[in-house]
Amino acid sequence: MKKGILFVVSGPSGCGKGTVLAQVLQDPNLYYSVSATTRSMREGEVDGVNYQFLDRAQFETLIENDGMLEHAEYCGNYYGTPRKPVEEHLAAGHHVVLEIDVVGAMHVKEKCPDAVLLFLMPPSIDVLKKRLVGRGTESPDVVEKRVAQAEREIQCAHQYDYAVVNDVLEDAVADVRAIIRAEECRTK
Ligand code: 5GP
């Protein structure tokens, strides 16, 4: 059986990544990899849906047993991609989507050179800022921090195989679907 393709999707906070992915992931042949973390669960989060919530000992055991495809420490907590479900789905011919940050994406590229890296861009920094302010979930100083972080992340976009601008949602979804289709038709 033909193996599935590993897709890594990154993009700054507020670029609409979650909305685009929610539509793309309606395709039953795509498996969304749920990351593991040691941070505590936020209100509204569901174990096994938003993250797989583990304690540090469980996470460290997984690292020692090579159970993580990649992992990183962020603000004192571990985050990582559990290897087993990713490999099982790829072997079963399903495509796997990882939604991880730029650093994690580069680690995956090193370990899995066949992975396809896709960067989702806001149309402009101004639009990103307006979306973050409009969301109303962050204070003005956090918005500024996220905008500054977004500018740094966007500078890494050239290291990705594809960049999709999320201006009109339907167009961005169509672009991502077209990339998946093109990769399925690739000769090597
Ligand atoms: P949060 O605590 O806000 O959910 O996530 C904090 C950071 O961890 C974000 O930058 C997010 O992209 C990153 N993150 C989430 N899952 C993973 C993962 O599986 N691997 C890596 N390397 N980073 C992750």
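Select strand 8 together with strand 9 (residues 162–165), which pair in the parallel sense over 4 bridges; strands here are DSSP runs of E with at least two residues, helices are runs of H or I with at least four, both numbered from the N terminus, and two strands pair if DSSP finds at least two bridges between them. This is a predicted model, in which local features need pLDDT of at least 70 and side-chain atom pairs count only at pLDDT 80 or more, while totals for chains, interfaces and linings use all residues. Residues are numbered from 1 along each chain as its sequence is written, and side-chain values use heavy atoms, with hydrogens and water left out.

Next, pick Leu 118, whose bridge partner in strand 9 is Tyr 162, and then add Val 9, whose bridge partner in strand 8 is that Leu 118. Val 9 leads to strand 1 (residues 6–10), which runs parallel to strand 8 and is joined to it by 4 bridges.

Now show the side chains of strand 8: Val 116, Leu 118 and Leu 120 point one way, Leu 117, Phe 119 and Met 121 the other way, and all are buried, that is, under 20% relative accessible area with a 1.4 Å probe and protein chains only. Because 6 of the 6 residues of strand 8 (residues 116–121) are buried, the strand is largely enclosed by the rest of the structure.

Finally, select helix 5 (residues 125–135) and helix 6 (residues 140–154). Residues in contact (heavy atoms within 4.5 Å) include Leu 128 and Leu 132 of helix 5 and Val 147 and Ala 150 of helix 6.

Conventions. Buried means under 20% relative accessible area, exposed over 50%, partly exposed in between (1.4 Å probe, protein chains only).
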